[in-house]
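Reader: Please take one part of this model and examine it closely. I should like to see how it is placed among its surroundings.

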Amino acid sequence: MAIDRTVELSVSGMSCSHCVASVKEELNEVPGVQNIDVILKPNEVSKVTVVTDTGVDDDALRTAITEAGYELVGISRDA
Ligand SMILES: [Cu+2]
């Protein structure tokens, strides 16, 4: 049985649907990422929730956000 886990990313610098698409595109390339949900808060800190059933590396998530052109300002995980 797969255990879903979620990782919540706080991302600054996102302002429109194109930003959302860029972030999703980069995160989709990170190994272990199953699903991505974005709550866009233009010019504030947006919430990006990543679902994984295998676990995912924080540094890989950070790199993906940076490559999309935004800044990862926080990571929190379920227990
Ligand atoms: Cu944009």
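Author: Helices (H or I, at least four residues) and strands (E, at least two) are DSSP runs, numbered from the N terminus. On that basis the elements of the chain run β-α-β-β-α-β from the N terminus on, with two helices and four strands in total. The model is a predicted one, in which local features need pLDDT of at least 70 and side-chain atom pairs count only at pLDDT 80 or more, while totals for chains, interfaces and linings use all residues. Residues are numbered from 1 along each chain as its sequence is written. The chain has a mean pLDDT (the predictor's confidence in each residue, from 0 to 100) of 94, and 94% of its residues reach 70 or more. Among the elements, H1 has the highest mean pLDDT, 98, and S4 the lowest, 95.

The part chosen here is helix H2, residues 58-68. Its buried residues are Leu-61, Ala-64, Ile-65 and Ala-68; a residue is buried if 20 or more other C-beta atoms, placed from the backbone, lie within 10 Å of its own, exposed if 12 or fewer, and partly exposed in between. These buried residues line one face of H2, because they fall within an arc of 95° when seen down the helix axis, the arc being that of the directions from the axis to the C-beta atoms. On the face turned away from this buried side, H2 carries the exposed residues Asp-59 and Thr-66. Across the whole chain of 79 residues, 23% count as buried.

What do the buried residues of H2 pack against? They pack against S1, helix H1 (17-28), S3 and S4, a contact being a pair of residues whose C-beta atoms, placed from the backbone, lie within 7 Å. H2 lies across S1, S3 and S4, and runs at about 150° to S4; axes are lines fitted to C-alpha atoms, for helices over the stretch in contact, and angles run from 0 to 180 degrees between N-to-C directions. H1, in turn, lies across S1, S2 and S3, at about 160° to S2.

On the side of H1, Ser-22 touches Ala-68 and Gly-69, not counting residues up to four places away in sequence. Its C-alpha atom is separated by 9.7 Å from that of Ala-64, 42 residues apart along the chain. Ser-22 counts as partly exposed because it has 16 C-beta neighbours inside 10 Å. Gly-69 follows H2 and has a positive phi, near 105°.

The strands beneath this discussion form an open, antiparallel sheet of four in the order S2-S3-S1-S4, where two strands pair if DSSP finds at least two bridges between them. S2 (33-39) and S4 stand at the edges with a single partner strand each, so one side of each is left without a neighbour in the sheet. Neighbouring strands are turned by 25° against each other on average, direction ignored.

S1 (residues 5-12) and S3 (residues 45-52) pair over eight antiparallel bridges. In this pairing Leu-9 has Val-48 as its bridge partner, and Ser-12 stands opposite Val-45. S1 also pairs with S4 (residues 71-77), in the antiparallel sense over six bridges; there the partner of Val-11 is Leu-72.

Methods. Two residues are in contact if their C-beta atoms, placed from the backbone, lie within 7 Å.
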